[in-house]
Amino acid sequence: MLSSTSVATQFGGERATKQPVKLRSGFSGSAEAADIDTAIQEAYKHVYGNAHVMDCERSISLEAELRDGRISVQEFIRGLAKSDFYRKNFYDSCSPQRTIELDFKHLLGRPPHDQSEVSESIQIQAAAGHDALVDSLIDSEEYSQAFGEHGVPFVRSWQNQPGSAQSAFNRTAAVSLGYAYSDKAIGTGSRLGNQLATGRASRIAFPASAKLQLMRISNSWRGNQPPRWATRIATVFVIAGVIEVTRLVVTVAYSALSN
């Protein structure tokens, strides 16, 4: 039986089983430089959807403010979500619904709960712009309780959250695809449109991994036991192997005695 942790790890959700990154303080002198470096690295990885960021695309001024204690991790996240890089890759080139899906994943660490949540966010975005939507998510009570001022967001929906339906796990898999994917590469169209419209969660589409495919096959066996035909084939191969080994041993022994 596949556990939720096993599935999450295959999709790059291994942070769900590790301690989240959180600075002890947002001010220099209290937080170690190495801790700040880790927070910055994890923030880029999560908010930018595992995309490769060149040095010229980094928000150097924001990094300096965080290192100096002038801003908190929360404000650093806000700055990344309003950056030219984010706008170019996750707003300008994406459908409105896809942008909302990514905003929720990158800032709240979960997919949208339902279509009404998406529609409300699209209205905010249409009326006041994408920056206003970013503010509404980062200033929300949910963000505060989940990450606080000094925590780096991560995909929380790999874990069981209070009040969260099982569909959140399946939808997280739908927007993630696999650990090697970036959100830029997955595409610009909605990944959850049909699921949110119908209120149903689709089956998890696993990444193309030989190890995971074998686990899926094993999981489909009744009682976690292989079918009888598979057992018979395995038995035949074992017997054939024993016979071949025996033949080789006898041949070598005979040759040695003959000499």
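Which residues are exposed on the other side of α7? Ser116, Glu120, Gln123, Ala126 and Ala127 are exposed there. The model described here is predicted, and this report begins with its overall make-up before returning to that helix.

## Overall make-up

The protein has 14 helices and zero strands. Read along the sequence, its pattern is therefore one α after another: α-α-α-α-α-α-α-α-α-α-α-α-α-α.

The protein has 259 residues, of which 41% count as buried. Among contacts with a separation of 6 or more, 70% are between residues 24 or more positions apart. The exposed area of the protein is about 14600 Å², and carbon and sulfur atoms supply 54% of that area.

## Helix α7

Helix α7 covers residues 115-128, which makes 14 residues. At 1.5 Å a residue the helix should span 20 Å, and this agrees with its end C-alpha atoms, which are 20 Å apart. The buried residues of α7 are Glu117, Val118, Ser121 and Gln125. Seen down the helix axis, these buried residues fall within an arc of 100°, so they line one face of α7.

A general rule of helix geometry applies here: an α-helix has 3.6 residues a turn, so residues three or four places apart point the same way. On the other side of α7 are the exposed residues named at the start, including Ser116 and Glu120. Just after the helix comes Gly129, which takes a positive phi of about 100°.

## Lys105 in helix α6

Helix α6 spans residues 96-108, and Lys105 is found in it. Is Lys105 buried or exposed? Its relative accessible area is 12%, and buried means under 20%, so Lys105 is buried.

Leaving aside residues up to four places away in sequence, Lys105 touches His46, Arg110, Val155, Val175, Ser176 and Asp183.

## Phe237 and a nonpolar patch

Phe237 has its place in helix α14, which runs over residues 228-258. The relative accessible area of Phe237 is 62%, and exposed means over 50%, so this residue is exposed.

Which residues make the nonpolar surface patch of about 400 Å²? The patch is made by Trp229, Ile233 and Phe237.

## Summary

The predicted model is a protein of 14 helices with zero strands. In α7, the buried residues line one face, while residues such as Gln123 and Ala126 are exposed on the other side. Lys105 is buried, whereas Phe237 is exposed and helps to make a nonpolar surface patch.

How values were computed
Residues are numbered from 1 along each chain as its sequence is written. This is a predicted model: local features need pLDDT of at least 70, side-chain atom pairs count only at pLDDT 80 or more; totals for chains, interfaces and linings use all residues. Side-chain values use heavy atoms; hydrogens and water are left out. Helices (H or I, at least four residues) and strands (E, at least two) are DSSP runs, numbered from the N terminus. Buried means under 20% relative accessible area, exposed over 50%, partly exposed in between (1.4 Å probe, protein chains only). Contact means heavy atoms within 4.5 Å. Accessible areas come from the Shrake-Rupley method with a 1.4 Å probe; for residues, only the protein chains shown count as cover. The expected span of a helix is 1.5 Å times one less than its number of residues. The arc is that of the directions from the helix axis to the C-beta atoms. Patches are made of residues with over 30% relative accessible area and no salt bridge: like charges are joined within 9 Å, nonpolar side chains (Val, Leu, Ile, Met, Phe, Trp, Tyr) within 5 Å. A salt bridge is a side-chain nitrogen of Lys or Arg within 4 Å of a carboxyl oxygen of Asp or Glu.
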